[in-house]
Amino acid sequence: MTGAAALAAAGRSGLLRPRRDIVLPAAIFLIFALLPPFASLLAEQYLVDLATRVMIFAVAALALDLLVGYGGLVSFGHAAFVGLGAYAVGILSAQGIDDALISLPVAIAVAMLFAFVTGTVCLRTKGVYFIMITLAFGQMIYFVATSLAPYGGDNGLTIAARNTVAGLALLKSDRAFYYVTLLCLLATYLFCRALVASRFGRVLRGAKENPARMVTIGFTVRSFQLVAYVIAGGLGGLSGFLLANSTEFVSPAFMSWQRSGELIVMVILGGVGTLDGAIVGAAAYLGAEEWLSGMIENWQVIFGPLLVLVVLFARGGLIGVCARLWRWFGHA
Amino acid sequence: MTGTLFLVQVLNGLQLGVLLFLIAAGLTLVFGVMNFINLAHGAQYMLGAYFAVAFYGVVGNFLAALVLALLAALAFGLLLEFLVFRHLYDRDHLDQVIATFGIILFLDHAVRAIWGAAPLTLPIPDVFTGSVMLIGGQLYPVWRLVIIGCGLAVAAGLYGLVTYTRIGMLVRAGATNARMVSALGINIKRLFMIVFGFGTMLAGFAGIMIAPIISVEPGMGDNILILALVVIVIGGIGSIRGAFVAALLIGLVDTLGRSFSIDILRLVMGPSPARMVGPAIASMLIYVLMAIVLYLRPAGLFPARGR
C-alpha cells in the first residue's frame, strides 16, 4: 500500500478525524474572540450583547449535551441549575456580598448540591420517567423561587452592580465581561472535551449504549451517571452566575420549564453528542430569536414548525446536516 | 368554621383532581399505547377553552359551544396526528419531546396572535350559576360541583369502556404489547388514531369545562401539563386507574397544602417565618410526593403490566 492510499484509507476510517474536528471549534472561538472589535467597527453594539448571551447559554448547553448526548440522560430540568446559580448571585448581592470570589463558588456549589440530591432520586428511574422527574424537580425549584417574597418573588430581583473580583470592578465594562464569558466558555468546552475523551467519558457512553453490559463488566453505572449529573449541574451554576451578572437581574423565569426546553432545543438544533453542536445550537437559537422577533411579534409561530421540521428531517442537527453536505460534495 | 373551610378546600381539591384526571387520562393512554410523549397535550387543553369561547361568541349557547368546541378539538387533534405525530411514534423520546415542544411554541403564540394576549372569559351557563349552601353555612359555586360530577362520570365511563368493550380490550392489549396486537391482525394505526383523538377530546373537554371559572389565556395549558405529567408518573404511565388515583391525590395534596401550610407551620414556628416558608413548602409538596413515590416505586403506583 502506498503512502497516499494509506492516508486516504486512514482518512476514511476516521483515524485522521481529530484534525478536522479541530477546525470547527477553532473557527467558533476565533469568531467569538474577534467579534467585539468588528462590532465596534460596524457600530453594532447589540452583536456583542447577543454573543454574550449566546456564550452564557452555550455553557449550560454544553453541560446538557454531556448528559443528553454522551450519557443518554434527557434532563428536562436543566434551567433549574442555571436559575440556582443566578439566584445565588442575586441573594448574596442582596445580602451585601458581591465579590465573585465568593459568589462564583457558591453559585456552582449550590447547583451541584441540588444536582446531587435530585440526581440521587432521578437516576433511579429510566427513560421517559427520567425526563418527567427532572422536569418536575425543575418546576419545584421554579415555584420555590416565585414564593421567595423577600427576594422579589414573582417579579424577580434586581442586582445593584456586577460582581467585583477581589474587590476590583473587573467585570464592569461590557467588553471585559464579554472576554471573561468567552474564557469561561472555552474552559467549559475544553473541560467537557477532556471529560468525554477520558475513561469516565467512555464509561458514560457505554452506559448509554448498553447499561446492562456496563453493569456486568463491573461498573457501578449509576454513580458514574450521578457524577456526570452533578458536573452538569455545576456548569449550569456557572452559566447562571454569568447570566445574573450580565443582566444584573434574576427572575424565576430563568428556571421555567420552557427555559429547560429551550436548552434541549439548542443541543438538538446544533447536533446532539458533539459538544460543538451545543455552541452552534445556542448561537442558532438565540440568533433565530433575534432575527425572527425583529420581523414579527410572535416569532415562535415560525420557529415552532421549523423545530418540528428539524426533528423530522434534519437528523444530527445543523452539524449533522453540514457533515452530510460535506460528504456529499466530497464524493460527488 | 375551620370544618367548613376544610370541606370547601376538599371540594376544590377534588375539582382540581378530576380536571387533572381528564387531561392525564389522554396523556397516559397515548403514552401507554403508542409509547409517545406528547407535551402538546396541554396546548390541546388550552385550545378546547379557546374554541369554546370562540363558538360561544357565535352561537351564544353553552351546550352548543361545548359540542362544537369538542368537535373542533377532535378535528384539530387528528390533523396534528396526521401531519406530525404519526411520524414520531417510532422515534426516541428526545425527538418526541423536541417536536411537541415546537408545537407548544407554535400553538401558544398562534393563539396569542389570533385572540390576543389578554385573558378571555366564558360565562357559566344560566342553569348552573349561583351557589349551594354547604353544611356549616358556607356557600359553594354550583359550577365546580358540575365539573366534579362530569369528571367522575367520565372516569366511570372510561373505566367501563376500557374494561368491558372490545376497543377497550385492544387499548389494554396495546398498552401491554402494541407489536403483538398488530401481529394479531389489528389495524394498529387506526387504533392509535382512535386513542389519540379520544385523548385530545378529553383534554379539550377539560379546557372547556374549566373555562368559565378561570381566565382563558395563552400558555394556560403549560403549567397544567406539568401537573398532568406528575399525575401519570405517580400513577404509572399507561394506567387509567393509576391516573385516577394519582390525579385525586395530587389535586387534594396541592389544594390542601396551599390552604393550610401556613396554619400547620405556625404550630412549630412563629407566624412571620411560617408566612414566608409556607407558600414555598406548599408549592414543593406535590413534587416531593412524586420524588418519594418514584424513589420507592420507580415505575409508579400502578405500573401497566408488560413493560
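In this predicted model, A:Leu275 sits in the loop that links α12 and α13 of chain A. This leucine has a positive phi of about 65°, even though it isn't a glycine. That's worth a second look, since most residues other than glycine have a negative phi. Despite its place in a loop, A:Leu275 counts as buried because it has 26 C-beta neighbours inside 10 Å, and 20 or more are enough for that label.

Chain B offers a similar case. B:Asn35 has a phi near 55°, again a positive value in a residue other than glycine. The loop in question here runs between α1 (2-34) and α2 (41-59) of chain B. B:Asn35 is buried too, with 20 other C-beta atoms within 10 Å; the cut-off for buried is 20 or more.

Back in chain A, helix α14 covers residues 300-313. Is its length what the residue count would suggest, or not? At 1.5 Å a residue, its 14 residues should span 20 Å, and the end C-alpha atoms turn out to be 19 Å apart, so the two figures agree. The buried residues of this helix are A:Gln300, A:Val301, A:Phe303, A:Gly304, A:Leu307, A:Val308, A:Val310 and A:Val311. An α-helix has 3.6 residues a turn, so residues three or four places apart point the same way. With that in mind, the buried list can be read again: it includes A:Gln300, A:Gly304, A:Leu307 and A:Val311. What lies over the buried residues of α14(A)? The cover includes α12 (257-270) and α13 (276-295) from chain A, along with α4 (93-115) from chain B.

As for chain B as a whole, there are ten helices and two strands. Read from the N terminus, the order is α-α-α-α-β-β-α-α-α-α-α-α. The C-alpha atoms of this chain fill a box of roughly 65 × 50 × 35 Å along the principal axes. A compact globule of 307 residues would have a radius of gyration near 19 Å; chain B comes in at 20 Å, which agrees. Half the chain, 50% of its 307 residues, counts as buried. Among contacts in chain B with a separation of 6 or more, 78% are between residues 24 or more positions apart.

In soluble globular proteins, nonpolar side chains tend to be buried together. In this model, the largest nonpolar core has 209 residues, and A:Val59, B:Ala52 and B:Val231 touch the most other members. Setting aside neighbours within four places in sequence, B:Val231 is in contact with B:Leu20, B:Ala24, B:Ala243, B:Ala246, B:Ala247 and B:Ile250.

Key
Residues are numbered from 1 along each chain as its sequence is written. Chains are lettered from A and ligands numbered from 1 in the order in which they are written. This is a predicted model: local features need pLDDT of at least 70, side-chain atom pairs count only at pLDDT 80 or more; totals for chains, interfaces and linings use all residues. Helices (H or I, at least four residues) and strands (E, at least two) are DSSP runs, numbered from the N terminus. The expected span of a helix is 1.5 Å times one less than its number of residues. A residue is buried if 20 or more other C-beta atoms lie within 10 Å of its own, exposed if 12 or fewer, and partly exposed in between; C-beta atoms are placed from the backbone. Two residues are in contact if their C-beta atoms, placed from the backbone, lie within 7 Å. The radius of gyration is taken over C-alpha atoms; the globule rule is 2.2 Å times the number of residues to the power 0.38. A nonpolar core is a set of buried Ala, Val, Leu, Ile, Met, Phe, Trp, Tyr and Cys residues joined through C-beta atoms within 7 Å.
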